[in-house]
Amino acid sequence: MCLRFVYRGNEMITGFNFDIDLAQWDHQVIEEEDRFYIGILRPDGIRHSYHGVNRSGNVGTLLYVHGNPAGACGEGLEVMTIADLTEQFIQARLSFDDVLRILKTRKIVYAPDATMQAMLSDREGRTLVIEPGIGWRLEKGRYSLMANESVLDWESTRPYRIEGDDRYQRADRILRSCGERLTVQESLELLRQVQMEGKWATRVSFVYSAGEQAVYYVQNGQFHQVKRHVFR
C-alpha cells in the first residue's frame with residue numbers, strides 16, 4: 001500500500017505513509033547523519049533505502065501498484081529498475097537533474113520481484129511521478145499526490161482498486177483545501193486521517209520539512225509519540 005504527497009507552499013513539505021504486511025517485509029527506521037530512511041531487509045542481507053530523505057533534501061518513495069507487461073524487468077545498459085533509481089536518489093548518488101537525464105535516455109522497469117511506482121522530489125519542490133511501462137511526469141501546481149493506483153493512467157489500474165479504499169480521495173480533498181502554508185502538524189494529521197489498519201497497517205509515517213531540514217516521524221500509528229530527526 002502507501003501514500004505520498006508533496007506540497008509546494010511557502011516551503012516544500014512532503015509526507016509519506018508506509019503500509020506493509022509484516023509477514024512479508026522486515027523493516028527498520030534508520031537515522032544517519034546524512035540520511036533518514038526505512039530500511040527494507042532484502043535477500044542480499046542489506047537494508048535498502050527505498051523510502052527516505054537525505055541531507056540535500058532528496059525524498060524518494062516507492063509505492064506498490066498493479067503491474068503492466070510494458071514495465072517488466074529487463075536487462076542491458078539502457079534499462080534501469082525503479083528500485084535502483086529511487087535508492088540511488090535517496091543515497092545522493094543521483095541528483096534530481098541526473099534522474100531527469102536518465103528518464104530521457106533509459107527505460108525504467110520494475111524490479112524483478114515487485115511492481116512499484118515512484119515519487120521523487122527535491123528540497124525546492126520539484127517532483128517526479130515515475131510509472132514503469134506507462135511513463136513519467138514533472139509535476140506542476142500546488143501539490144502532488146500518489147497512492148496505489150496509476151496517476152498517469154488511472155483507468156489502467158482502476159479494476160484493481162480495493163473497494164472502500166478512498167485514501168487518495170480523502171488526502172486530495174485535504175490538500176485542495178490548504179492555502180499557501182501547510183504545517184508539519186497539519187501534514188501529520190493528514191497522514192493520521194488516511195492511515196491503514198489491519199494486515200497492511202501503516203507502520204511508519206514521516207513528514208519532511210525543507211525549511212527546518214528535519215524529518216518528523218511516528219511508528220505504528222502512535223501519532224502522540226512524534227520523533228524528530230534533524231540534518232545538521
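Modeller: Helices (H or I, at least four residues) and strands (E, at least two) are DSSP runs, numbered from the N terminus. This is a predicted model in which residues are numbered from 1 along each chain as its sequence is written, and side-chain values use heavy atoms, without hydrogens or water. Local features need pLDDT of at least 70 and side-chain atom pairs count only at pLDDT 80 or more, while totals for chains, interfaces and linings use all residues.

Biologist: OK, let's start with the sheet: in what order do the seven strands of the open sheet come?

Modeller: Two strands pair if DSSP finds at least two bridges between them, and here the pairing is antiparallel. The edge strands, each pairing on one side only, are S3 (27–31) and S11 (135–138). Reading across the open sheet, the order is S3-S4-S5-S6-S9-S10-S11.

Biologist: How many bridges join S3 to S4?

Modeller: S4 covers residues 35–41 and runs antiparallel to S3. You can spot the register from valine 29, which stands opposite isoleucine 38 in S4, and from glutamine 28, which stands opposite glycine 39 in S4. A hairpin of three residues joins the two strands. The number of bridges joining S3 to S4 is five.

Biologist: And S4 to S5: which residue in the turn of that hairpin has a positive phi?

Modeller: S4 and S5 also run antiparallel, with six bridges joining them. One bridge partner to look for is valine 53 in S5, which sits across from phenylalanine 36. Five residues lie between the strands, and the one in the turn with a positive phi, about 85°, is glycine 45.

Biologist: How many residues of S4 are buried?

Modeller: Buried here means under 20% relative accessible area, exposed over 50%, and partly exposed in between (1.4 Å probe, protein chains only). S4 is mostly covered. Of its seven residues, the number that are buried is six.

Biologist: Which strands of the sheet does H2 touch?

Modeller: Contact means heavy atoms within 4.5 Å. H1 (residues 82–90) packs on the sheet and touches S4, S5, S6, S9 and S10. H2 packs on the sheet too, touching S9, S10 and S11.

Biologist: Now the inside: which helix gives the largest share of the 45-residue core?

Modeller: A nonpolar core is a set of buried Ala, Val, Leu, Ile, Met, Phe, Trp, Tyr and Cys residues joined through side-chain atoms within 4.5 Å. In the largest one, Leu85, Val99, Ile130 and Phe206 touch the most other members. Five of its residues, the largest share, come from helix H2 (residues 96–105).

Biologist: What does valine 99 touch, not counting residues up to four places away in sequence?

Modeller: Valine 99 is one of the members of the largest core with the most contacts to other members. With residues up to four places away in sequence left out, valine 99 touches Leu85, Phe89, Leu94, Leu120, Leu128 and Ile130.

Biologist: How many residues are in the second, separate core?

Modeller: Leu182, Leu190, Val207 and Tyr216 are among its members. The total for this second core is 19 residues.

Biologist: Why do the buried residues of H5 sit on the same side?

Modeller: The buried residues of H5 (residues 184–193) are Val184, Ser187, Leu188, Leu190 and Leu191. What covers them includes S1 (3–8), S2 (12–19), H4 (167–176), S13 (202–209) and S14 (214–219). They sit on the same side because, judged by directions from the helix axis to the C-beta atoms, they cover an arc of only 155°.

Biologist: Where is glutamine 213 found?

Modeller: Glutamine 213 has a positive phi of about 50° although it is not a glycine. At 26% relative accessibility, glutamine 213 counts as partly exposed. Glutamine 213 is found in the loop between S13 and S14.

Biologist: What is the phi of asparagine 220?

Modeller: Asparagine 220 lies in the loop between S14 and S15 (227–230). Asparagine 220 is not a glycine, yet its phi is positive, at about 55°.

Biologist: One more: how far apart in space are glycine 67 and serine 150?

Modeller: Glycine 67 is found in the loop between S6 and S7, and is partly exposed at 30% relative accessible area. Not counting residues up to four places away in sequence, glycine 67 touches Tyr110 and Thr115. Glycine 67 and serine 150 are 83 residues apart in sequence, but in space, C-alpha to C-alpha, they are apart by 9.8 Å.

Key: Axes are lines fitted to C-alpha atoms, for helices over the stretch in contact, and angles run from 0 to 180 degrees between N-to-C directions.
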